[in-house]
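Reader: Hey, I've got a structure open and I'm a bit lost. Can you walk me through it?

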Amino acid sequence: MYKIFKILMYAGGFFFLMASCEKANTLTSAKVSSDTLDKEVAITPDVKMVLINGGEYQPFYGTDSSLVEVKDFLLDERPVTNAEFLDFVKKNPKWKRSKIKALFADDTYLQDWQDDETLPKNADPEAAVTFVSWFAAKAYAKAAGKRLPTLDEWEYVAMADEESANARDKPTYSAHLINLYNEKDRQKNKVKSSAPNYWGVYNMFDLVWEWTDDFNSIMTTSDSRTAEFDDKGLFCASAATSTTDVLNYASFMRYAFRSSLKASYTVGNLGFRCAKDTTNSTK
Amino acid sequence: MKRIVTCFTLALLTLQACKQNPSENSSAKSENTMDIAVSGDAINQSIVNPPMLPAPIGDRAAKKVVVRLEATEEVGELADGVTYKFWTFNSTVPGTFIRIRVGDEVELHVTNRSDSVMPHNIDLHAVNGPGGGAEATNVAPGKEAIFNFKALNPGLYVYHCAAAPVPLHIANGMYGLILVEPAGGLPKVDREYYVMQGEFYTKGKTDEKGLQEFDQDKGVDERPTYVVFNGKKNALMGANALEAKVGETVRFFVGNGGPNLVSSFHVIGEIFDRVYVEGGSKINENVQTTVIPAGGAAIVEFKVEEPGNYIIVDHSIFRAFNKGAIGMLKVTGEKNPKIYNKVQ
């Protein structure tokens with residue numbers, strides 16, 4: 001039992017497995033004071049949303065017995081762009097760089113922008129916005145009448161390659177992504193300039209890491225202020241994952257990245273896209 | 001009857017003694033070092049590029065030591081005309097040599113360069129605590145983590161990145177050595193060098209030119225394209241060969257980052273006078289080849305008596321002659337025919 005756990009720890013990076021198992025018992029969910037996020041002025045970004053047909057999927061850190069059901073949902077076909085985020089801060093000045101509360105974004109928030117309403121020099125307005133915190137992403141989604149995708153929703157879509165909804169068993173799937181992920185400065189490229197996946201969704205991998213609503217359900221930092229902690233049993237599960245998934249280094253990278261984040265963090269290659277329930281009711 | 005009782009008592013006593021000895025020793029050691037107080041101002045760990053390393057600790061008292069390591073992802077040369085995307089600590093493979101003494105309290109700053117794609121962290125084998133610091137130092141691009149630990153056990157230890165997927169972070173070059181000197185320091189020698197073995201797994205064959213991608217299948221199969229010292233084929237050859245003079249004592253701090261292979265470390269034409277086995281406190285003498293496990297280290301010491309070129313190898317010899325596990329120690333000075341002499 002202990003041995004299996006140890007092997008799992010090695011494969012997954014010892015650190016976050018251990019801490020999250022501890023945390024599952026201790027972390028209490030706390031809500032962000034709602035009035036700060038409530039009153040956004042509506043925005044209407046012109047982005048196509050793609051219907052994702054739900055289904056059961058096996059989370060990366062899971063066992064056969066912990067299949068997770070993903071309901072039908074709508075997902076932005078691409079990440080939010082610089083131009084769109086600029087429109088958002090113009091209409092919602094409290095999310096401007098000079099106005100943002102330290103609680104909601106660290107000091108690199110929109111750091112390359114020339115001022116509150118001017119995009120970075122040489123930045124493509126059609127490139128994905130980066131240096132945005134989880135709070136800012138969430139506020140943007142809310143203003144657009146949407147929400148952030150859950151980790152399960154995001155990973156469900158990420159199983160697809162260009163031909164199939166689930167390419168996890170293809171050996172080339174992970175190998176290709178590892179080398180793609182290793183490329184620097186991809187975030188500077190225009191959105192939608194590469195091929196869409198099976199669902200018609202663009203840029204899941206080739207531009208930026210993306211925030212998910214519950215990114216920290218598998219993370220170690222103890223910012224309980226922001227954590228709607230939701231232990232889906234992804235983690236403390238003691239059985240080994242399938243061989244294919246142990247070799248799925250690309251997924252490991254995403255989980256490792258998420259576990260290094262706090263909700264106020266803003267990072268140069270981290271952006272987001274929005275999702276929506278099919279019933280048209282936001283979460 | 002009396003004899004049986006005596007025998008039995010003796011046996012019991014022996015058993016008891018066997019039981020107690022090891023536990024006494026080990027607990028006494030960590031309790032004592034835990035109680036060592038630090039004094040004076042904090043000092044900054046100097047950053048010296050391998051194969052060089054910071055100066056000996058000597059007999060200084062335990063202090064607070066500030067160590068700074070920056071995780072980077074950068075293209076570098078793996079062999080002539082062959083480049084690779086290395087992941088490093090402080091832009092070198094192996095990363096900066098950390099040199100402290102037992103009882104020191106280390107304040108470790110791990111930053112991740114803002115242009116990094118990946119998160120990184122550090123697991124130091126010299127640390128007593130969960131994950132060796134990995135959990136406390138997991139850091140996103142552009143961010144910093146600060147982690148304190150007290151050095152309790154003297155020895156030579158490996159550190160490495162333990163962010164998922166761990167094998168990839170190590171395979172890309174994220175490892176180095178941390179030396180915890182005993183109180184009073186290690187005995188003086190004339191030369192010290194920092195040598196660390198590691199494997200690289202590339203899509204192309206050995207010496208195939210151009211930027212080479214990581215090959216996961218070769219990694220899993222433990223079939224490296226390169227086995228090298230200090231992150232590059234010929235890093236310790238030619239103009240970069242290590243140097244010593246006849247009569248000098250030489251000490252190598254040798255680590256093995258792996259990620260997979262165990263090294264059979266050997267210097268052709270020399271005998272290690274002393275080996276700190278596995279980097280610990282036990283000293284073996286007169287050793288030809290010492291085994292260094294992946295994620296392990298050894299300190300080897302020898303006196304050079306005769307001028308010439310001494311080839312440093314992993315004596316799993318195909319690695320040396322075909323994959324790059326080769327370096328050189330150039331010894332200059334007077335010949336001594338008594339020791340070595342070609343007669344005809």
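Author: Sure. One term before we start: a residue is called buried when its relative accessible area is under 20%. Also keep in mind that this is a predicted model.

Reader: Ok, so take strand β9 of chain B. How many of its residues are buried?
Author: 7 of its 7 residues, running from 175 to 181, are buried, so by that under 20% cut-off the strand is mostly covered.

Reader: Which way do the residues of β9(B) point?
Author: B:Tyr175, B:Leu177, B:Leu179 and B:Glu181 point one way. B:Gly176, B:Ile178 and B:Val180 point the other way, and all of these residues are buried. In a regular strand, side chains alternate between the two faces of the sheet.

Reader: And which strands are joined to β9(B)?
Author: Strand β4 of chain B, residues 98–101, is joined to β9(B) by 4 bridges, and the two run parallel. Strand β8 of chain B, residues 155–160, is joined to β9(B) by 6 bridges and runs antiparallel to it.

Reader: Got any pairs I can click on?
Author: Try B:Ile98, whose bridge partner in β9(B) is B:Ile178. On the β8 side, B:Gly155 stands opposite B:Val180.

Reader: Cool. What is B:Leu124 in contact with, leaving aside its neighbours within four places in sequence?
Author: B:Ile98 and B:Ile178 are both among its contacts, so you'll see that bridge pair again. The others are B:Leu108, B:Gly132, B:Phe147, B:Phe149, B:Val158 and B:Tyr159.

Reader: How many residues does the largest nonpolar core have?
Author: It has 130 residues, and B:Leu124 is one of those with the most contacts inside it, along with A:Phe85, A:Trp95, A:Tyr109, A:Trp211 and A:Phe272. The largest share of this core, 8 residues, comes from helix α5 of chain A. There's also a second, separate core of 26 residues, which includes B:Tyr193, B:Phe252, B:Ala298 and B:Leu329.

Reader: Which residues of α5(A) are buried?
Author: A:Trp134, A:Phe135, A:Ala136, A:Ala137, A:Ala139, A:Tyr140, A:Ala141 and A:Ala143. That's 8 of the 10 residues in the helix, which spans 134–143. Just after α5(A), A:Gly145 takes a positive phi of about 75°.

Reader: Switching topic: why does A:Phe252 count as buried?
Author: Because its relative accessibility is 3%, and the cut-off is under 20%. A:Phe252 is in helix α9 of chain A, residues 249–259.

Reader: How many residues apart in sequence are A:Phe252 and A:Phe60?
Author: They are 192 residues apart in sequence, but 8.3 Å apart in space, C-alpha to C-alpha.

Note on methods:
Residues are numbered from 1 along each chain as its sequence is written. Chains are lettered from A and ligands numbered from 1 in the order in which they are written. This is a predicted model: local features need pLDDT of at least 70, side-chain atom pairs count only at pLDDT 80 or more; totals for chains, interfaces and linings use all residues. Side-chain values use heavy atoms; hydrogens and water are left out. Buried means under 20% relative accessible area, exposed over 50%, partly exposed in between (1.4 Å probe, protein chains only). Two strands pair if DSSP finds at least two bridges between them. A nonpolar core is a set of buried Ala, Val, Leu, Ile, Met, Phe, Trp, Tyr and Cys residues joined through side-chain atoms within 4.5 Å. Contact means heavy atoms within 4.5 Å.
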